[in-house]
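Please look over the sequence and the fold before reading on. Then use the short report to find your way around.

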Amino acid sequence: MQNPIIVALDVPTTHEALELAKELGPVVGAFKIGKQLFVSGGPDVVRELKDTGAKIFLDLKFHDIPNTVAKAVQSAVEMGVDMLTVHTSGGSEMLTAAENASNEKAAMLGIDSPLILGVTVLTSMDDANLAELGIQEGTQGQVVRLAKLAASSGLRGLVCSPQEIKFLREELGGNIQLVTPGIRFESSPADDQKRTMSPVEAIKAGASWLVIGRPITLAESPRAAAIDILNSIDPELVPSD
Ligand code: C5P
């Protein structure tokens, strides 16, 4: 089993991100760079984190016309990111353009194409918010619709909430990679997360990767927190040195 922990580096500066990456690199699977860190640190933060040997998940949630998204994806591939996100509500043409652009650029560079993850319905949206947009069938129906659209457009992965893992596995089978935030130990504060699951529960439900931020980054010892999580999932994941 791969190390499934992706640490969300939700910090304001490249310096803080690199400090965390140095401490956590050996005990986690990847680092997620979101809008806050990317807007402050730019492509350099991606390159500097990549230089530590870490896998990089660039979470910028692209959503635009197909050509613009394809070009942004190609720039991300050039930076060497391993995972990136697009909004599935951009539609099948945009999703296929993203996947094709990634494959073409990666082939040109002789590297692996990153895993493009589709974001379905943001967990900040509820049924009433969707109704405001003219979508009447509720969040679960819309999540399934968009997840199927992503898969049929060629995407190999999705971001989903812990509660969506089970039914997305049932709908889409075992091959799709499911990346899940909203992870908390029963003992840790939920912060602003409303529907959480423990790391081991999420893995048992079928998650491929766990996005974990504050329970690791704000811990007294981030490294010890990550090791505790690995131990709870499978002690064999803990590196021996
Ligand atoms: O600190 P915490 O573990 O809550 O961080 C979770 C990370 O996952 C944050 O970067 C957050 O933006 C992201 N995320 C989320 N819920 C989603 C999608 C992304 O918490 N539905």
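This report covers helix packing, a proline in a loop, and the ligand site.

## The model

This is a predicted model. Keep that in mind for each distance and angle below.

## Helix H1 against helix H2

Start with H1, which spans residues 14-24. One of its partners is helix H2, residues 35-51. The two pack at an angle of about 40°. Their axes are 9 Å apart. That angle makes H1 oblique to H2. The crossing of H1 and H2 is right-handed.

Which residues make the contact? From H1 come Thr14, Ala17, Leu18 and Ala21. From H2 come Leu37, Gly41, Val45, Glu48 and Leu49. Sorted by class, this contact of H1 with H2 has six nonpolar, two polar and one charged residues.

## Helix H1 against helix H10

H1 also packs with helix H10, residues 222-233. Here the angle is about 50°, and the axes are again 9 Å apart. H1 and H10 are therefore oblique to each other. Their crossing is right-handed.

On the H1 side, the contact uses Leu20, Glu23 and Leu24. On the H10 side, it uses Pro222, Arg223 and Ala226. The contact of H1 with H10 counts four nonpolar, no polar and two charged residues.

## A proline after H1

Where is Pro26 found? Pro26 sits in the loop between H1 and strand E2, residues 30-33. Leaving aside residues up to four places away in sequence, Pro26 touches Arg223 and Pro239. Arg223 also appears in the contact of H10 with H1.

Thr139 gives a second reference point. Pro26 and Thr139 are 113 residues apart in sequence. In space, C-alpha to C-alpha, they are 37 Å apart.

## Around the ligand

Now turn to the ligand. Which residues surround the ligand? Ala8, Asp10, Lys32 and Thr123 are among them. So are Pro181, Arg184, Gln193 and Val211. Ile212, Gly213, Arg214 and Pro215 also belong to the surroundings.

Three of these side chains can be described in detail, one by one. In Lys32, an N or O atom of the side chain is 2.9 Å from an oxygen atom of the ligand. Thr123 pairs with a nitrogen atom of the ligand: an N or O atom in the Thr123 side chain is 2.7 Å from that nitrogen. For Arg184, a polar side-chain atom lies 2.8 Å from an oxygen atom of the ligand.

Terms used:
Residues numbered from 1 in each chain as written. Predicted model: local features only at pLDDT ≥ 70, side-chain atom pairs only at ≥ 80, totals over all residues. Heavy atoms only, no water. Axes fitted to C-alpha atoms, helices over the stretch in contact; angles between N-to-C directions. Helix = DSSP H or I, 4+ residues; strand = E, 2+ residues; numbered from the N terminus. Parallel < 35°, antiparallel > 145°, perpendicular 65-115°, else oblique. Left-handed = near helix turned anticlockwise from the far one by under 90°. Contact = heavy atoms within 4.5 Å. Nonpolar A, V, L, I, M, F, W, Y, C, P; charged D, E, K, R; others polar. Near = heavy atom within 4 Å. Polar contact = N/O pair within 3.5 Å; in protein donor to acceptor, adjacent residues only side chain to side chain.
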